[in-house]
Amino acid sequence: MAGMNIRDWKNINLKWLPSRGIPYPDDIEVYVTPMTIRERRLLDGITNAEYYRRLLDGIDIRGGSPFRKQDLLVADVQFIDLARRIFTYEQDRKLILKDYICTSCGQHNVRVEFSFTDIELEDLPEGIFGTEKKYTDNETGEELVKKIPGKAYTFSDGTTVYAAPMIISEYIDLATKYIANKRDDDDSEAYIAQFAYLIKDIEGMDGHFKDANARRAFLFDYVNSLYKPEDEDVLDDIERETTSILKPIITTCPDCGADVEVYVQPYMRFQQ
């Protein structure tokens, strides 16, 4: 933050975030700087991992120590990415997106006007941030509660895992190892690898792994070996419930009159 005036930083209301700030410390505040033209150009065409490394330079966390901006959830950082870009425009005027494609007729003439308050993301389900499990201590017989960071999912072989959304440092690690190109989202290896980061714990395997890397290596092999349709359903549930997506803005195609769902993305070119 050195050399930058405090007025350049804008506060992000935690209630705007997909997580609603639920998994963060109570005293945390998130600030961002509007994205400059130079920054936007630097983000074009770089790898996914480098994209988010650079994006974090425009985010500042105040309070919540020892919480760091690298601990923000991926879904929240993706929203902040969009907010930083929108903050570069005058907040009292609507933004314009032109030449969006109509999925009905295929023409690229759809135009939509929107403001920052029109942008909504699906909330992450509250139960995804943690699970409390009761168990009995074998030595004392005492009833205890273990806090598990995630929601329980059970595969066809009876294995129960606990999954939770990735934080941005985990995603950068995933992207560095498995996603070579920013726009390469068809890599099956990367698809499998994401579950090694989303799954935080495995029932009955406490102390089995020496560190997170060992757990991820095991999970990569385990998920890669699944083959039953019901296991695909479980993976789909994990992916869907740990990821937040933008709700579309509904507008009308000027060519065919059909309703068009417009998904506003950070990489799009806006006008005012």
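**Group meeting talk: cysteines, backbone oddities and a charged patch**

Okay, let's start with Cys 256, which is partly exposed, with a relative accessible area of 39%. Before I go on, keep in mind that this is a predicted model.

So, what does the sulfur of Cys 256 have as its closest cysteine sulfur? That would be the one in Cys 102, at 3.7 Å, and that's too far for a bond. Just as a reminder, a disulfide is a covalent bond between the sulfur atoms of two cysteines. The cut-off for calling one here is a pair of cysteine sulfur atoms within 2.5 Å, so the 3.7 Å from Cys 256 to Cys 102 doesn't make it.

Now look at Cys 253. Is Cys 253 buried or exposed? Cys 253 is buried, with a relative accessible area of 2%. For its sulfur, too, the closest cysteine sulfur sits in Cys 102, 3.7 Å away, and again that's too far for a bond. And how many disulfides does the structure hold? The count is 0.

Okay, on to the backbone. If you scroll to Ser 65 and Pro 66, the peptide bond from one to the other is cis, with omega near 10 degrees. Where is Pro 66? You'll find Pro 66 in the loop that runs between strand S3, residues 59-62, and helix H3, residues 74-86.

Next, a couple of phi angles. Arg 20 has phi near 60 degrees, which is a positive value in a residue other than glycine. Arg 20 is in the loop between strand S1 (10-12) and strand S2 (29-32). As for cover, Arg 20 comes out as partly exposed, at 29% relative accessibility.

Asp 99 also has a positive phi, near 60 degrees, and it's not a glycine either. In which element does Asp 99 lie? Asp 99 is in strand S4, residues 95-100. With a relative accessibility of 53%, Asp 99 counts as exposed; the line for that word is drawn at over 50%.

Last stop, the surface. Which residues form the negative surface patch? There are Glu 230, Glu 232, Asp 233 and Asp 236. Let me pick out Asp 236: it belongs to helix H7, which covers residues 229-241. Asp 236 is partly exposed, and its relative accessible area is 38%. Patch residues need over 30% relative accessible area, so Asp 236, at 38%, clears that bar.

That's my tour. Happy to go back to any of these spots on the screen.

Terms used
Residues numbered from 1 in each chain as written. Predicted model: local features only at pLDDT ≥ 70, side-chain atom pairs only at ≥ 80, totals over all residues. Heavy atoms only, no water. Patch = residues over 30% accessible without salt bridge, like charges linked within 9 Å, V, L, I, M, F, W, Y side chains within 5 Å. Areas by Shrake-Rupley, 256 points an atom, 1.4 Å probe, with all protein chains shown as cover. Salt bridge = Lys/Arg side-chain N within 4 Å of Asp/Glu carboxyl O. Lys, Arg positive; Asp, Glu negative; His and termini not counted. Charge placed at Lys NZ, Arg CZ, Asp CG, Glu CD. Helix = DSSP H or I, 4+ residues; strand = E, 2+ residues; numbered from the N terminus. Buried < 20%, exposed > 50% of the residue type's maximum accessible area, 1.4 Å probe, protein only.
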